[in-house]
Amino acid sequence: MEYEEIRQWIERAWDDRSLLETPEVQQAILQTVDLLDQGRLRVASPTPEGDWEIHTWVKKAVVLYFPLRPMETLAAGPLEWRDKIPLKTDYASRGVRAVPPAATRYGAYIAPDVILMPSYVNIGAYVDSGTMVDTWATVGSCAQIGRHVHLSGGVGIGGVLEPLQASPVIVEDHAFIGSRCIVVEGCRIGREAVLGAGVVLTGSTRIIDVTTPEGRQYVGYVPPRSVVIPGSFEKQYPAGRFSVPCALIIGQRKESTDKKTSLNDALRQYDIAG
């Protein structure tokens with residue numbers, strides 16, 4: 001099927017689930033997930049203007065894929081799982097290094113030269129070339145990870161399938177996400193940005209640029225080359241005044257800093273420990 005025909009069948013099935021029994025709909029769903037697995041189709045794609053376009057119908061196909069799949073037992077030696085989605089295999093032909101027990105669900109794209117330490121990548125995600133997914137990092141469903149990104153140990157990149165209008169988490173090229181960071185609810189991390197260890201970004205987290213007199217604020221977006229650390233601000237509640245978490249932009253990643261620099265090197269420019 002051509003893309004437009006696939007999209008039309010999926011949109012129909014989304015509105016009428018009885019169509020899941022038809023061969024045309026099943027073929028459209030299976031073909032969409034296979035295209036995702038190959039990286040020929042994405043849940044979100046960059047536009048020439050530097051923004052991102054969300055392909056809602058592709059998310060619908062992923063959701064509709066689950067009722068088509070039976071529960072199966074998966075085994076690796078003495079280890080056993082029971083799930084509906086098979087795991088990605090044949091890493092050698094894909095040019096991917098996967099360290100045991102790294103796991104990627106079928107329907108997620110892993111580009112050549114990606115390194116997967118013991119980690120997890122969910123269906124619909126896209127991980128571009130040269131990226132490192134470090135130990136116990138997780139890449140949620142439909143998340144978009146750019147080229148030469150470093151997701152440090154224990155990083156949590158949130159996933160999203162529903163609501164359909166919700167954007168996936170996007171981490172653009174050459175970004176460095178420090179240990180134990182959490183990025184969820186459709187946040188977008190700009191190209192070459194650096195998040196210090198422990199930064200937590202949700203769809204409502206204040207991101208404050210403290211290098212400007214007015215303290216410019218962002219929500220859900222870290223501008224390119226920003227260096228970000230955890231912070232807090234005071235807020236009054238009926239029960240009293242309390243500290244609320246936020247994120248602080250403390251400077252810009254300098255052009256002299258190599259894109260593959262360590263997190264500590266990038267933060268050392270601002271006298272901040274990694």
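## A first look at this structure

Counting across this predicted model, there are 13 salt bridges. One of them pairs D37 with R94, and D37 belongs to helix α2, so that helix is a good place to begin your tour. From there, the points below move on to a record-based domain, a network of charged side chains and a few unusual backbone spots.

**The annotated domain**
- UniProt, in an unreviewed entry, lists residues 6-68 as "domain: Tetrahydrodipicolinate-N-succinyltransferase chain A".
- Over residues 6-68, helix makes up 62% of the chain and strand 10%.
- The C-alpha atoms at the two ends of residues 6-68 lie 16 Å apart.

**Helix α2 and its surroundings**
- Helix α2 covers residues 23-38, which gives it 16 residues.
- From its first C-alpha to its last, α2 reaches 22 Å, close to the 22 Å expected at 1.5 Å a residue.
- The buried residues of α2 are V25, A28, I29, T32, V33, L35, L36 and D37.
- A general point helps when reading such a list: an α-helix has 3.6 residues a turn, so residues three or four places apart point the same way.
- Among the elements covering the buried residues of α2 are α1 (3-15), α3 (56-68), α4 and β7 (109-110).
- Just after α2 comes G39, which has a positive phi, near 80°.

**The salt bridge between D37 and R94**
- The side chains of D37 and R94 form a salt bridge, with N and O 3.6 Å apart.
- This pair links distant parts of the chain, since D37 sits in α2 and R94 in helix α4 (residues 91-94), 57 residues apart.
- Are the two partners buried or exposed to some degree? D37 is buried, with a relative accessible area of 4%, whereas R94 is partly exposed at 26%.

**A network of charged side chains**
- D173 and R191 also meet through their side chains in a salt bridge, at 3.2 Å from N to O.
- D173 lies in the loop between β16 (170-171) and β17 (176-177), and R191 lies in the loop between β19 (188-189) and β20 (194-195), so their salt bridge ties together parts that are 18 residues apart in sequence.
- D173 counts as buried at 17% relative accessibility, while R191 is partly exposed at 35%.
- R191 has another partner in E192, with the closest N and O atoms of this salt bridge 3.4 Å apart.
- E192 is buried, with a relative accessible area of 11%.
- Through shared partners, salt bridges join D128, R147, D173, R191 and E192 into one network.

**Backbone spots to look at**
- As background, most residues other than glycine have a negative phi, and most peptide bonds are trans.
- The peptide bond between P100 and P101 is cis, with omega about 0°.
- You can find P101 in the loop between β5 (97-98) and β6 (103-104).
- H148 is not a glycine, yet its phi is positive, about 50°.
- The loop that holds H148 runs between β13 (144-145) and β14 (150-151), and H148 is partly exposed there at 32% relative accessibility.
- E185 is another residue other than glycine with a positive phi, near 55°.
- E185 lies in the loop between β18 (182-183) and β19, and with 57% relative accessibility E185 counts as exposed.

Notes. Residues are numbered from 1 along each chain as its sequence is written. This is a predicted model: local features need pLDDT of at least 70, side-chain atom pairs count only at pLDDT 80 or more; totals for chains, interfaces and linings use all residues. Side-chain values use heavy atoms; hydrogens and water are left out. UniProt positions are given in the numbering used here, feature names are shortened, and annotations may be inferred rather than shown by experiment. Helices (H or I, at least four residues) and strands (E, at least two) are DSSP runs, numbered from the N terminus. A salt bridge is a side-chain nitrogen of Lys or Arg within 4 Å of a carboxyl oxygen of Asp or Glu. Buried means under 20% relative accessible area, exposed over 50%, partly exposed in between (1.4 Å probe, protein chains only). The expected span of a helix is 1.5 Å times one less than its number of residues. Contact means heavy atoms within 4.5 Å.
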